[in-house]
Amino acid sequence: MIAVNTKKIVGLSAIALVLFFVIAQPGHAAGMVNNGVGFLRNSAEAVITFVSNVFNS
């Protein structure tokens, strides 16, 4: 029961921190989101290239 409460408190704290960061510095937060999306896109492209090379060889 204590673990569930701790997990809930940590989750709510993380959400509060993200909301505070977005409200306090929206430009910086948007830049971080863009960096994250760019990283995911580059990672997906790398996986696609790898799989294509495996099946085309």
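**Group meeting talk: a chain of two helices**

Hi everyone, let's start with one residue: Phe20 is exposed, with a relative accessible area of 58%. The cut-off for exposed is over 50%, so Phe20 passes with its 58%. If you want to find Phe20 on the screen, look in helix H1, which covers residues 2-24. Please keep in mind that this is a predicted model.

Now let's step back to the whole chain. What does the protein chain have in the way of helices and strands? There are two helices and zero strands. We have met helix H1, and the other one, helix H2, takes in residues 26-56.

How is the chain laid out in space? Its C-alpha trace spans about 55 × 35 × 5 Å along the principal axes. The radius of gyration is 19 Å, while a compact globule of 57 residues would come out near 10 Å. For a pair you can check yourselves, take Phe20 and Gly38: they are 18 residues apart in sequence, and their C-alpha atoms are 23 Å apart in space.

How much of the chain is buried? Of the 57 residues, 4% count as buried. The accessible surface of the chain comes to about 5,100 Å², and 75% of that belongs to carbon and sulfur atoms.

Let's move along to helix H2. Here we find Glu45 and Arg41, four residues apart, which is about one turn of the helix. Their side chains meet in a salt bridge, with 3.8 Å from N to O. A salt bridge here needs the nitrogen within 4 Å of the carboxyl oxygen, so the pair qualifies at 3.8 Å. The count for this model comes to one salt bridge.

Are these two partners buried or exposed? Arg41 counts as exposed, because its relative accessibility is 52%. Glu45, at 42%, counts as partly exposed, since that class runs between 20% and 50%.

My last stop is a nonpolar patch on the surface. Which residues form it? They are Val47, Phe50, Val51, Val54 and Phe55, and together they have about 520 Å² of accessible area. Phe55 lies in helix H2, and with a relative accessible area of 67% Phe55 is exposed.

So, to recap for your notes: the chain has two helices and zero strands, 4% of its residues count as buried, and helix H2 holds both Glu45 and Arg41, whose side chains meet in the salt bridge. Thanks for listening!

Note on methods: Residues are numbered from 1 along each chain as its sequence is written. This is a predicted model: local features need pLDDT of at least 70, side-chain atom pairs count only at pLDDT 80 or more; totals for chains, interfaces and linings use all residues. Side-chain values use heavy atoms; hydrogens and water are left out. The radius of gyration is taken over C-alpha atoms; the globule rule is 2.2 Å times the number of residues to the power 0.38. Buried means under 20% relative accessible area, exposed over 50%, partly exposed in between (1.4 Å probe, protein chains only). Accessible areas come from the Shrake-Rupley method with a 1.4 Å probe; for residues, only the protein chains shown count as cover. Patches are made of residues with over 30% relative accessible area and no salt bridge: like charges are joined within 9 Å, nonpolar side chains (Val, Leu, Ile, Met, Phe, Trp, Tyr) within 5 Å.
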